[in-house]
Amino acid sequence: MEKIEIRPRFQYSSPLPPEKVLQALEEALSRENAPINGLVIDHHVYLRIPHEDQHFWSPQLALEVEAAEEGSQINGLFGPRESVWLMYIFFYALMAFLSVIVMIMGFSQLNLGLSARILWALPVLLALFVLAYLTARAGQKLGHDEMHLLYDFFRGAVKS
């Protein structure tokens with residue numbers, strides 16, 4: 001988990017059956033001094049940093065517990081909160097849409113022999129895209145310690 005990925009994933013095998021894994025996670029979450037908040041629904045578990053300790057870049061951990069030949073297979077996925085994820089998807093889609101519009105207009109004007117100054121917006125849009133990407137990477141670095149906190153909580157709950 002040292003290199004920064006967009007949405008890091010991991011797999012973990014446990015000798016316990018899925019019901020016991022889910023029960024262990026539910027018990028760990030229900031402890032009064034639990035450092036993590038979470039929710040267990042069916043065979044899915046969602047772990048989050050407590051609200052008072054969260055910041056904009058706080059990650060969350062989604063776990064899926066499945067039966068395996070010997071115990072259970074747990075698939076984990078780290079990611080940003082839904083609001084942060086949605087904001088970045090919207091921004092990237094907006095930049096792509098604006099880029100297409102600018103290219104259509106600019107190349108149409110070039111074809112007609114007119115001035116195509118609008119094409120100068122493309123480097124600006126590219127710079128905005130790169131800026132958004134760099135802020136996302138910086139946010140991942142800011143949430144890195146919390147990601148380890150979530151993972152350690154998960155491992156501690158499943159091993160006990």
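Here is a walk through this structure, going from its strands to its rings and then to its surface. Keep in mind that you're looking at a predicted model.

Let's start with strand S3, which covers residues 44-48. Which of its residues sit on the covered face, and which on the uncovered one? Val45 and Leu47 make up the covered face, while His44, Tyr46 and Arg48 are on the uncovered one.

S3 has a partner on each of two other strands. With strand S2 (residues 37-41), S3 pairs in the antiparallel sense, over 5 bridges. One spot to find is Asn37, whose bridge partner in S3 is Arg48. Follow the chain from S2 to S3 and you'll go round a hairpin with 2 residues between the strands. Asp42 is in that turn, and its phi is positive, at about 55°. S3 also pairs with strand S4 (residues 59-68), again in the antiparallel sense and over 5 bridges. Here you can look for Val45, which has Leu63 of S4 as its bridge partner.

Now go back to Arg48 in S3. How many salt bridges does the structure hold? There is 1, and Arg48 forms it with Glu82. The closest N and O atoms of the two are 3.2 Å apart. This pair links distant parts of the chain, since Arg48 belongs to strand S3 and Glu82 to helix H2, 34 residues apart. Are these two buried or exposed? Arg48 has a relative accessible area of 32%, so it counts as partly exposed. Glu82 is partly exposed too, because its value is 48%.

Next up are the aromatic rings. A pair of rings is described by how far apart the centres are and by the angle of the planes. The count here comes to 9 aromatic pairs. Take Tyr12 and Phe154: their centres are 5.4 Å apart and their planes are at 80°, which is an edge-to-face pair. Along the chain they are 142 residues apart, with Tyr12 in strand S1 (residues 9-14) and Phe154 in helix H4 (residues 144-159). Both Tyr12 and Phe154 are buried.

For a contrasting case, try Tyr92 and Phe129. Their ring centres are 4.9 Å apart, and the pair is called tilted because the planes are at 50°. This pair also links distant parts of the chain: Tyr92 is in helix H2 (residues 82-111) and Phe129 in helix H3 (residues 121-142), 37 residues apart. Tyr92 has a relative accessible area of 23%, so it is partly exposed. Phe129, at 36%, is partly exposed as well. Rings can also join up in a cluster: ring pairs link Phe10, Tyr12, Phe78, Tyr151 and Phe154.

Finally, let's look at the surface. Phe90, Leu94, Phe97, Leu98, Ile101 and Met105 form a nonpolar patch there, with about 540 Å² of accessible area together. Phe90 is in helix H2, and it counts as exposed because its relative accessible area is 57%.

Another residue to check is Ala67, in strand S4. Its relative accessibility is 65%, so Ala67 is exposed. Which residues does Ala67 touch, leaving aside its neighbours within four places in sequence? Ala67 is in contact with Pro18 and Ser72. As for Val158, 91 residues from Ala67 along the chain, the two C-alpha atoms are separated by 15 Å.

How values were computed: Residues numbered from 1 in each chain as written. Predicted model: local features only at pLDDT ≥ 70, side-chain atom pairs only at ≥ 80, totals over all residues. Heavy atoms only, no water. Buried < 20%, exposed > 50% of the residue type's maximum accessible area, 1.4 Å probe, protein only. Helix = DSSP H or I, 4+ residues; strand = E, 2+ residues; numbered from the N terminus. Pairing = 2+ DSSP bridges. Phe/Tyr/Trp six-rings, centres within 6.5 Å; stacked < 30°, edge-to-face > 60°. Patch = residues over 30% accessible without salt bridge, like charges linked within 9 Å, V, L, I, M, F, W, Y side chains within 5 Å. Areas by Shrake-Rupley, 256 points an atom, 1.4 Å probe, with all protein chains shown as cover. Salt bridge = Lys/Arg side-chain N within 4 Å of Asp/Glu carboxyl O. Contact = heavy atoms within 4.5 Å.
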